[in-house]
Amino acid sequence: MSKFRMSAFDIIGDIHGCSHTLEKLLERLDYIPDSVGIYRHPERSVIFLGDFIDRGPFQKEVLSIIRPMIEAGAARSVMGNHEYNAIAYATADQENGGYLRAHSAKNQKQHKAFLDAYSGDICAYTDVIEWFKTLPLWLDLDEVRIIHACWDKEKIRNIGSPVLTDELLHASCNKSRWQYEAVETILKGKEIPLPDGCVFYDKDGNPRHNIRVRWWDQSAGNYSTAFLGPESARTHIPDDEIAGDHLIEYSHDEPPVFLGHYWMEDTPVPLAPNIACTDYSVAKPGGRLVAYRWDGEQILHKDKFVCIDRIEKAEVSGI
Ligand SMILES: [Mn+2]
């Protein structure tokens, strides 16, 4: 039996169908496939931040690496917004007809790589959706916390249990219920409305009246500096002052929290002394897959990020 060290976690960001880059990262971290192909490390284990699916060409391949690791106890994971969306897309809305996540052209396009990978194999599709439901919405391991986008204590307390029950799933897909904003915030990030009349366009060309914000950043004093998104959009964000309503309190003496989700660019650095994001946009050209090699420290350090450049040719063309 292998002996895990306490507090020895390799925390890996959003993978989005890029299985070759994932394998290279696991190898760089000294995880080696065992006799049945499960990547293991003698002393450490992985925590995934979710968002295994959509975008990249190797949907099933990513799941065939990470799911056995999780089932064998070599890794754990939280749920990303893409797994949550996949569950809602697959679930009939008994009350209103249709599905909990509409099968609109926009939603189909976002989910296409995954749907294509499972088309014609309804058993495998049903099985993987059921498995997604086993992923917790957050992990609170006392000494470290893991969540896909935002550790909002109040919303976490209100939701209560990290299990996405059928009841929570249905309530969180109904905009008139409090569970909607709670799950949106923790899985998709904190948003605030722009001042009247302001709009910007996201990377898919959709108009947005809300901006996602740097909820941890006490120094951000206006919409433009609090804005979290593509740099090219920042010029469209007004520099009107915001009155601190973008902030979610996360004090420096709370356990370190790790996030994915934010499509970061440049060289990884912690967002705050005890907050780090490990999503560095592997699904787009020039992106990287990133891990943070955590050994129990309270103050996170830039030298502990491990980055693998996206393996362009394989992940783009599907060879
Ligand atoms: Mn995400």
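In which loop is Asp 142 found? Select that residue in this predicted model, and you will be in the loop between β6 (138-140) and β7 (145-147). Asp 142 has a phi near 70°, a positive value in a residue other than glycine, and with a relative accessible area of 65% the residue is exposed. Most residues other than glycine have a negative phi.

Asp 30 is a good second selection, found in the loop between α1 and β2 (32-33). Its phi is positive as well, at about 70°, although Asp 30 is not a glycine; at 44% relative accessibility, however, Asp 30 counts as partly exposed.

Next, select strand β1, residues 9-12, and look along it. Phe 9 and Ile 11 point one way while Asp 10 and Ile 12 point the other way, and all of them are buried. On one pairing, β1 runs parallel to β4 and is joined to it by 4 bridges, with Val 46 as the partner of Asp 10 in β4. On another, β1 pairs with strand β15 (residues 288-294) in the antiparallel sense, over 4 bridges, and here the partner of Asp 10 is Arg 293. Keep Asp 10 selected and add Arg 44, Arg 293, Asp 295, Glu 297 and Lys 304, since these residues are linked with Asp 10 in a network of salt bridges.

Helix α2, residues 59-71, comes next. Its 13 residues reach 18 Å from the first C-alpha to the last, close to the 18 Å expected at 1.5 Å a residue. Colour its buried residues, which are Gln 59, Val 62, Leu 63, Ile 65, Ile 66, Arg 67, Met 69 and Ile 70, and then show what covers them, including α1 (19-28), β4 (45-48), α5 (112-118) and α6 (122-132). Following α2 you will find Gly 73, whose phi is positive, near 80°.

From the same helix, select Lys 60, whose side chain meets that of Asp 121 in a salt bridge of 3.9 Å, N to O. Because Lys 60 lies in α2 and Asp 121 in the loop between α5 and α6, the pair ties together parts that are 61 residues apart in sequence. Lys 60 is partly exposed, with a relative accessible area of 31%, and Asp 121 is likewise partly exposed, at 31%.

Move now to Glu 83, in helix α3 (residues 81-90). What is the nearest side chain of opposite charge to Glu 83? It is Arg 55, 10 Å away, and Glu 83, though buried, has no salt bridge. A polar atom of the Glu 83 side chain does lie 2.7 Å from the backbone nitrogen of Phe 52. Beyond its neighbours within four places in sequence, Glu 83 is in contact with Gly 50, Asp 51, Phe 52, Ile 53, Phe 132 and Leu 135.

For a further salt bridge, select Lys 284 and Glu 265, whose side chains meet at 3.2 Å, N to O. Lys 284 lies in the loop between β14 (279-280) and β15, and Glu 265 in the loop between β12 (257-259) and β13 (275-277), so this pair ties together parts that are 19 residues apart in sequence.

The last stop is Asp 309, in strand β16 (residues 305-309), which is exposed, with a relative accessible area of 53%. Leaving aside neighbours within four places in sequence, Asp 309 is in contact with Thr 21, Gly 287 and Arg 288. The C-alpha atoms of Asp 309 and Val 282, 27 residues apart along the chain, are separated by 7.6 Å.

How values were computed. Residues numbered from 1 in each chain as written. Heavy atoms only, no water. Helix = DSSP H or I, 4+ residues; strand = E, 2+ residues; numbered from the N terminus. Expected span 1.5 Å × (residues − 1). Buried < 20%, exposed > 50% of the residue type's maximum accessible area, 1.4 Å probe, protein only. Contact = heavy atoms within 4.5 Å. Pairing = 2+ DSSP bridges. Lys, Arg positive; Asp, Glu negative; His and termini not counted. Salt bridge = Lys/Arg side-chain N within 4 Å of Asp/Glu carboxyl O. Polar contact = N/O pair within 3.5 Å; in protein donor to acceptor, adjacent residues only side chain to side chain.
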